[in-house]
Amino acid sequence: MTDVTSSKTARRPHHWRHDLIELAALFTAVVVADTIAKTIVKGPDGQYLLVFSAIALVATAAFHTWWARRHSHASHAPPPEGASGGDTGGRSATAPAAAGGDDAEEAPRPPAETVLWRMRTTVEDTPGSLAALCTVLARLGVDILTLQTHPLARGTVDEFLLRAPADLSAQALARETAAAGGRDTWTERADAHDLVDTPTRVLGLATRTALDAAELPLALRQLLGRCTLHSVPALSLTGRPTGEQAPVEGVLEETVMRLRDPHGGTLIVERPYLPFTPTEFARARALVELDARLGPRLPRSQDVLTLPEGNEITVRRADQRDLRAARAMHDRCSARTLGLRYHGPVGDADRYLDHLLSPRFGRTLAVQTTSGRLVALGHLLWDGDETEVALMVEDDWQRRGIGSELLGRLVAMAEEAGCESVYAVTQASNTGMVAAMRALQLPLDYQIEEGTLVITARLAAAPRQSPRSPSRPHEEVRPAER
């Protein structure tokens, strides 16, 4: 770690007055010494003059020491209050003041407690408007960590990441911002994850989207903040038009953003608390276009598990390319299994399974045997602000722990995606699903809705586990390539 004090001393500015005084003192001493020496040799009062010369030299040395110390203290004087912190990079940092005499310095004060805020406000697009706002923030002791600008037709939206004193309330921050010319100010507490700069964060979201088609809804949520995302297909599950027309590109409806889904239909993003900007629309559309250009894709990793009776199964991700195998499993299931899964008859199984396997609506895990036959499906479905989990296991493979394994992995995926809870819609008679939810060892809420049982598991208190961790000791996990 660099010694800040020594580095600043080494860079102290050179003063010519200091050198001039030292040179004059040196010449004075030489002249006085030479005169006294000549007088001592030639004059009768040499001893008195020798004493006088010693006194003169001591006085000259004392004066030089006093002047040097005074100049050193002046060069180390603290900067005016509110001045920049120099090497520390803070806009509101101040150096410790010297006190307690020439040799004593005041002990450094402990750093004040601070918190992170995200703030967005609209200012006039005129010279000096941003400077006035920054001046007010500096007076409040607020440090600007990052700044993004979103140009509008009238004005500019400035989005800040701020480090502010802990005793500065959101109301006071908004009030002072309004006094500096900001309007429509919005504030929200931030955390350490927001310290990543915007280009890095956007590139990370683009990378995740490129590796997994199911990441697009999550990437849009993280890009645009807390929002609700709905994927509306062009046709309903019954094959009828939904009436949702393709949106006009570039048209924003305040807090609603509509994007054309290249696979058909519309992506609707709603954020009630904050209007969207053209910059945010351009970023979101770029992610959607990236997803469309790359086409269907899934992570290639898969896990091989050994069941208690010795059979091996493979757990992997699935998508619409598995529709034929999923339909074959669907046809092998009994009416009771289908009824527990769908809570009623399914008119068009192909269309419904195609919807469930679509990465637009969530993620799907498939279980297949060594012969490649699908015997179970687990779905993690994005339902607006909420997340649903659903399972279906073929009759001959039930009661072997496959459902619990799928459910544990789906919940781990939901937690990794930042979901606060997941819910399952089932029936009280579905003892297997109820037991699997209880085996999660998470806080559960039970609610009866229209004759069905809704079990909600809250994930906030859940310890984070790897999706590949075996949930039972008798299982053997071996990574493989698809």
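Four strands, numbered like the helices from the N terminus as DSSP runs (helices H or I of at least four residues, strands E of at least two), form an open sheet in the order E2-E3-E1-E4 with antiparallel pairing, where two strands pair if DSSP finds at least two bridges between them. Strand E2 (143-151) and strand E4 (183-189) stand at the edges with a single partner strand each, so one side of each is left without a neighbour in the sheet. The twist averages 20 degrees from one strand to the next. E2 and strand E3 (residues 156-165) pair in the antiparallel sense over 8 bridges, and Thr149 stands opposite Asp158 in E3.

This is a predicted model, in which local features need pLDDT of at least 70 and side-chain atom pairs count only at pLDDT 80 or more, while totals for chains, interfaces and linings use all residues. Residues are numbered from 1 along each chain as its sequence is written, and side-chain values use heavy atoms, with hydrogens and water left out.

Two helices lie across strands of this sheet, as tabulated here. Axes are lines fitted to C-alpha atoms, for helices over the stretch in contact (heavy atoms within 4.5 Å), and angles run from 0 to 180 degrees between N-to-C directions.

| Helix | Lies across | Angle |
|---|---|---|
| H5 (residues 170-179) | E1 (114-123), E3 and E4 | about 35 degrees to E1 |
| H8 (residues 278-294) | E1 and E2 | about 85 degrees to E2 |

Leaving aside its neighbours within four places in sequence, Leu407 is in contact with Val389, Leu391, Ala436, Met437 and Leu440.
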